[in-house]
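Colleague: I should like to understand how the descriptive terms used for a protein model are justified. May I put some questions to you while we look at the structure together?

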Amino acid sequence: MACILQGAYVSSHRQLKDKDGSEPRPGSSVVVRAVVTSTTLQTLNTTPPRPLKERTEGKFGRFGGKFVPETLVSCLSQLEAEFKKALHDEVFQEELATALREFVGRETPLYNAERLTEYYKNKNNGEGPEIYLKREDLNHCGSHKMNNALAQAMIAKRIGKRSVVTATGAGQHGLATTAACAKLGLECTVFMAAKDMDRQYSNVQFMKLLGAQVEGVNGSFKDAASNAFRCWVENMEKMYHLTGSAVGPHPCPTMVREFQSVIGKETKMQSMKKWGGKPDMLIACVGTGSNALGLFHEFIKHKDVRLIGVEAAGLGLKSGKHSSTLTNGEVALYHGAITYLLQDEDGQIIQPHSIAAGMEYPGVSPELSFLKESGRAEFFSATDQEALNAVTVIKFSAYERLCKLEGIIPSLEAAHALAILDKVVPTLCNGHKVVVNCCGRGDKDVPIVLHRTTI
Ligand SMILES: Cc1ncc(COP(=O)(O)O)c(C=O)c1O
């Protein structure tokens with residue numbers, strides 16, 4: 001028996017009479033599927049099944065949707081209604097624009113990475129693309145996560161919630177949410193895997209300083225996310241669940257993408273000003289997909305702009321210890337939506353791995369799943385080693401390169417996007433414009449990098 005949203009499917013094997021009216025032969029059965037409403041099972045056997053009402057909102061091709069228990073449907077519908085209202089409310093939009101400017105520090109620069117460009121040109125007879133960085137690391141609290149956290153915290157306040165619950169992997173979303181809650185006078189609880197609390201220690205301390213209650217959880221980010229969800233379900237009256245990932249049931253992926261799309265909108269405006277055209281290629285790392293979609297979304301309709309997502313290949317795709325969901329996953333139902341997922345033959349989730357805590361998630365945004373399947377975006381993966389280049393004594397690993405050539409310390413998540421330059425730059429024409437989303441700053445990762453490298 002399969003269950004879809006509020007309606008339940010039943011499958012009944014009905015014996016058919018043979019054409020001549022005689023009793024059926026053994027084995028001549030057919031599966032009858034119908035939606036159970038108030039109709040009795042008796043009637044079901046005689047009424048032809050009605051076609052299912054197609055729900056397209058929150059769908060990206062065959063991906064996405066809202067597969068949740070009945071009790072959550074009304075909460076998600078309320079959230080969707082408030083989100084739509086906020087999108088069209090000039091007062092809200094004005095307040096958000098002011099906060100993004102004055103609290104977050106937007107717009108972030110589209111930075112011409114001249115020495116990084118030179119580095120690649122020197123390897124290729126003086127030719128190669130020009131590399132630009134979208135400096136999301138310069139946002140207040142050090143990452144793109146603030147764009148969405150602030151907007152959703154404002155919605156939480158608007159609908160009268162007093163407290164916010166969330167989950168974080170790298171701590172950047174937790175930190176952004178905590179700061180937004182402090183600004184708006186909301187209580188904040190953050191669930192985080194104990195191992196992530198250890199490796200992203202500075203962010204835990206920052207969250208505590210800003211007033212959050214940080215709850216440790218066994219497992220990884222996906223377990224923290226499940227705990228945050230459970231906490232919300234038990235306290236729905238006063239609590240808002242603030243997701244930082246472009247995953248989960250509708251409207252979450254759409255809402256997160258929409259609030260992150262400021263990244264691509266600014267990039268388009270800035271590139272027009274800087275060189276009078278669009279970029280030729282956009283590159284972003286993919287954990288759940290929020291920074292990638294934030295950069296890509298404005299350009300999806302511009303087919304001449306290549307969209308490149310970089311997943312975490314961890315210890316290598318063959319090792320089984322990675323987070324390359326789009327590269328190696330299968331289509332499944334996970335956390336309330338249809339998307340790609342890392343699972344074994346028994347449908348059990350494979351524990352994801354990455355040196356970057358923010359990349360460790362077994363699922364991925366349903367919208368990115370669609371962009372992959374439709375061929376509009378291309379996906380690569382970079383190993384821990386490629387992001388770090390820990391053991392190599394060749395001058396400048398991907399990580400060091402940005403530090404030592406441009407004076408910028410990237411997060412390990414952003415280092416995955418930078419690492420793929422080694423592969424794509426040699427394939428690009430002289431003068432092409434490449435924009436890499438520098439989605440976070442690396443303060444939180446300094447102990448890991450120093451431990452693993454020869455810097
Ligand atoms: C700085 C940073 N970049 C990237 C990511 C990956 O998430 P997403 O793919 O949703 O942008 C995270 C996740 O925590 C992060 O903290």
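Modeller: Please do. Let us begin with H335, which lies in the loop between β14 (330–334) and β15 (337–341). Please bear in mind that this is a predicted model.

Colleague: Why is H335 called buried or exposed, whichever applies?

Modeller: A residue is buried if 20 or more other C-beta atoms lie within 10 Å of its own. H335 has 22 other C-beta atoms within 10 Å, and therefore H335 is buried.

Colleague: What is notable about the phi of H335?

Modeller: Phi of H335 is near 45 degrees, which is a positive value in a residue other than glycine. As a general rule, most residues other than glycine have a negative phi.

Colleague: N125 also has a positive phi, although N125 is not a glycine. Where is N125 placed, and is N125 buried or exposed?

Modeller: The phi of N125 is about 50 degrees. N125 sits in the loop between α4 (114–123) and β7 (130–135). The limit for an exposed residue is 12 or fewer C-beta neighbours. N125 has 8 of them inside 10 Å, so N125 counts as exposed.

Colleague: Which peptide bonds are described as cis?

Modeller: The bond from R106 to E107 is cis, with omega near 5 degrees. E107 belongs to the loop between α3 (90–104) and β6 (110–112). The bond from H250 to P251 is also cis, with omega near 15 degrees. P251 is found in the loop between β11 (239–241) and α10 (252–260). In general, most peptide bonds are trans.

Colleague: Let us turn to the helices. What makes α5 oblique to α6?

Modeller: Helix α5 (residues 145–158) and helix α6 (residues 172–184) have axes that come within 8 Å and cross at roughly 40 degrees. Angles under 35 degrees count as roughly parallel, and 65 to 115 as roughly perpendicular. The crossing angle falls in neither range, nor is it over 145, and therefore α5 is oblique to α6. The crossing of α5 past α6 is right-handed.

Colleague: Which residues make the contact, and how is the contact composed by class?

Modeller: On α5 the contact is made by K145, M146, A149, L150, A153, M154 and K157. On α6 it is made by Q172, H173, A176, T177, A180, C181 and L184. By class, the contact of α5 with α6 has nine nonpolar, three polar and two charged residues.

Colleague: How do you know that L150 is buried?

Modeller: L150 is found in helix α5. With 25 C-beta neighbours inside 10 Å, against a threshold of 20 or more, L150 counts as buried. Leaving aside neighbours within four places in sequence, L150 is in contact with A99, F103, V104 and A180. L150 and A179 are 29 residues apart in sequence, and their C-alpha atoms are 8.4 Å apart in space.

Colleague: What makes T168 a buried residue?

Modeller: T168 belongs to strand β8 (residues 163–168). The threshold is again 20 or more, and T168 has 34 other C-beta atoms within 10 Å, so T168 is buried. Not counting residues up to four places away in sequence, T168 touches H173, G174, V190, M192, A224 and G244. T168 and S245 are 77 residues apart in sequence and 9.2 Å apart in space, C-alpha to C-alpha.

Colleague: Why does D384 count as buried?

Modeller: D384 is placed in helix α15 (residues 384–388). D384 has 26 C-beta neighbours inside 10 Å, and 20 or more are required, so D384 counts as buried. Not counting residues up to four places away in sequence, D384 touches G314, L315, S354 and I355.

Colleague: Which residues come nearest to the ligand?

Modeller: Of the 22 residues around the ligand, Q172, G287, S290, G358 and G440 come nearest. The elements that give two or more residues to this shell are α6 and α12 (290–296). α12 gives the most, with three residues. By class, the shell has seven nonpolar, 13 polar and two charged residues.

Colleague: Finally, how many helices and strands does the protein have, and what share of the residues is buried?

Modeller: The secondary structure comes to 19 helices and 17 strands. Buried residues make up 49% of the 455 residues.

Conventions
Residues numbered from 1 in each chain as written. Predicted model: local features only at pLDDT ≥ 70, side-chain atom pairs only at ≥ 80, totals over all residues. Helix = DSSP H or I, 4+ residues; strand = E, 2+ residues; numbered from the N terminus. Axes fitted to C-alpha atoms, helices over the stretch in contact; angles between N-to-C directions. Left-handed = near helix turned anticlockwise from the far one by under 90°. Contact = placed C-beta atoms within 7 Å. Nonpolar A, V, L, I, M, F, W, Y, C, P; charged D, E, K, R; others polar. Near = placed C-beta within 6 Å.
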